[in-house]
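Trainee: I am new to this structure. Could you take me through one part of it closely, the place where the chains meet?

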Amino acid sequence: MSETYPKRPSQLFRNLSAKIASVPMILTAVVVFAGGTAWTVLYSFTNSKLLPRFSFVGLDQYYRLWAAPRWGVAVENLAIYGVLSLIFSLAIGFLLAALLDQKIRFEDTFRTIFLYPFALSFIVTGLVWQWLLNPDFGVQAVVRGLGWESFTFNPLYDASIVIYGILIAALWQGTGLVMCLMLAGLRGIDEDIWKAARVDGIPMWKTYLFIVIPMMRPVFITTIVIIASGIIKVYDLVVAQTSGGPGIASEVPAKYVYDYMFFAQNLGQGFAASTMMLLSVIIVVVPWAYLEFGRARRG
Amino acid sequence: MADTATLDMAPAATATRIETGPRGAKPRKTFSRRNIFLYGTLIVVAVYYLLPLYVMVVTSLKGMPEIRLGNIFSPPVEITFEPWVKAWSQACTGLNCDGLSRGFWNSVRITVPSVILSIALASINGYALANWRFKGADLFFTILIVGAFIPYQVMIYPIVILLREIGLYGSLWGLVIVHSIFGMPILTLLFRNYFTSVPEELFKAARVDGAGFWGIYFRIMLPMSLPIFVVAIILQVTGIWNDFLFGVVYTRPDTYPMTVQLNNIVNSVQGVKEYNVNMAATILTGLVPLIVYFASGKLFVRGIAAGAVKG
């Protein structure tokens, strides 16, 4: 190279400005993302307590983690919350999008109303729903005040259903986004498909179910990945709405990690728990990436 | 299948012929059963979505005696702004009793530099990746994008150590750096995609005229891409203002952002619960992103559609 192009003496200094400008990105990618992740995974095999200490204990932290009742509750909650919020936000989001796609008037107004909760933080969402679900003043008290004295709807103080109380708030906050993505997907469907289906006399619900939804597969996959990675991160909502209570009934993995790292001063447990979170993300993302990029390479 | 294919062709052909004739929807009865169902459902859902906002507002305008006696959905009998004043300037978190105003100004001092720094870094990264690719650039970019999927919990402790090493742990600037780091994947992707779509001739012409890396960035790319900067600003302002996790990890009680302080005020266990003050504080915290949302309209949707890719 250097013989054919004598003006460029060194590869290293070619395009120097761009390289200098990319230093923050390179540092972020290599030091923080790759390095930080590797560091956490590595230290999850140590018995670090208050400070990270490199004394290798193998899988001890993981045995302790899976033996801890609190972690069990957290994983179970995340599973219930995850499955239900995936199903409901897809179903509600798609239904709302389909309703908005009927060439209705005031579409922008409705869309603005359905989406505004998404602009609010999980803290605000959690606190509002804590107030609405307050047993003494909220929905339960209002219905009882109407004359139905035995009405009970008290999810935030009932350990067996508290996760559903959180789910209600999460769906209120997040379905608007799903609706927007679905609406964009529906708008991408060729108008002629609808005409053809109508000419063939296929009822509308069948057109949606057997023609439109299969055509929207990429949109669904993207949306599922978005919802799923949001589910694993759920933290602020629980902190604001229930602080993990009553007792430990609404614990989630992200909160377990935070509490063990910064309160219980048991770093090793925190690292092990966060590594488990990483593992669950890998389980979700890798098949998706394989499908997505595998397809891109083939076509 | 071949049958349907030929059938498909025919209606399409007639459709184009019809479209040259009279346009517009077939006249419909306004109160058809379909419309009643459609608008009825939409209105019920809209009321459900608006209800929490309504309850927040009316609760914050009531006095405590009225809240204890009344119904959360009923409008205030006697409107009082005292809860708002109290939430802003007197509500207590721990020993501090100077209200949410402290958190508000902290959030402003965090959000403004974070938005500027993160967008500056990401736009330059995106520009370098789109127009000045060097060997290995794609590798770093791939790591960056993959990193966007890693749960924050995995990286928070190593960052605590890094910030402690450079002496910024607990300060506002430490948090600004953290926001710039975690905003980088999505923003870089946003800018890279945008700059890639800029016609290459423009870039080449500028190079022929002797413009360098920074010259092209400041004189051509920056003025051309203002819309994408607006999208990025919307994305970052709402994202950083609403952040809780980084605020609670990387700042101290006197530098807590608004969300953290709000949570501490409302969920504090001491004292009598003042629901009206709590709701006023909650609205105050949600106000900035709500204003951004209602003011930006369609651009917000574009922003979150871009932000959604990050997940």
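Mentor: Here is a walk across the interface, with a short stop at a cavity afterwards. Keep in mind that this is a predicted model.

Start with the extent of the contact. Chain A puts in 88 residues, and chain B puts in 91 residues. Together the two chains bury about 7800 Å² between them. Carbon and sulfur atoms account for 78% of that area. On the side of chain A, three residues lose the most area to chain B: Met25(A), Phe33(A) and Trp131(A). Together they make up 10% of what that side buries.

Next, see where that side comes from. Helix 2 of chain A, residues 23–43, gives the largest share, with 14 residues. Now sort the side of chain A that touches chain B by class. It has 63 nonpolar residues, 17 polar and eight charged.

What about polar links? There are 13 residue pairs in polar contact between chain A and chain B, counting pairs with both residues at pLDDT 80 or more. Salt bridges across this interface number zero under the rule used.

Now the cavity. The whole structure holds four cavities of 30 Å³ or more. Take the second largest, with about 40 Å³ of space. Its lining is Ser107(B), Ile110(B), Thr111(B), His179(B), Ile240(B), Asp243(B) and Pro257(B). Helix 5 of chain B, residues 101–131, supplies the largest share of that lining, three residues. By class, the lining has three nonpolar, three polar and one charged residues.

Terms used:
Residues numbered from 1 in each chain as written. Chains lettered and ligands numbered in written order. Predicted model: local features only at pLDDT ≥ 70, side-chain atom pairs only at ≥ 80, totals over all residues. Heavy atoms only, no water. Contact = heavy atoms within 4.5 Å. Buried area = accessible area lost by both parts, 1.4 Å probe. Salt bridge = Lys/Arg side-chain N within 4 Å of Asp/Glu carboxyl O. Polar contact = N/O pair within 3.5 Å; in protein donor to acceptor, adjacent residues only side chain to side chain. Helix = DSSP H or I, 4+ residues; strand = E, 2+ residues; numbered from the N terminus. Nonpolar A, V, L, I, M, F, W, Y, C, P; charged D, E, K, R; others polar. 1 Å grid on protein atoms, 1.4 Å probe; cavity = no way out; pocket = protein on both sides within 12 Å on 5 of 7 lines; lining within 4 Å. Points joined across faces, edges and corners; volume = space filled by probe spheres on them.
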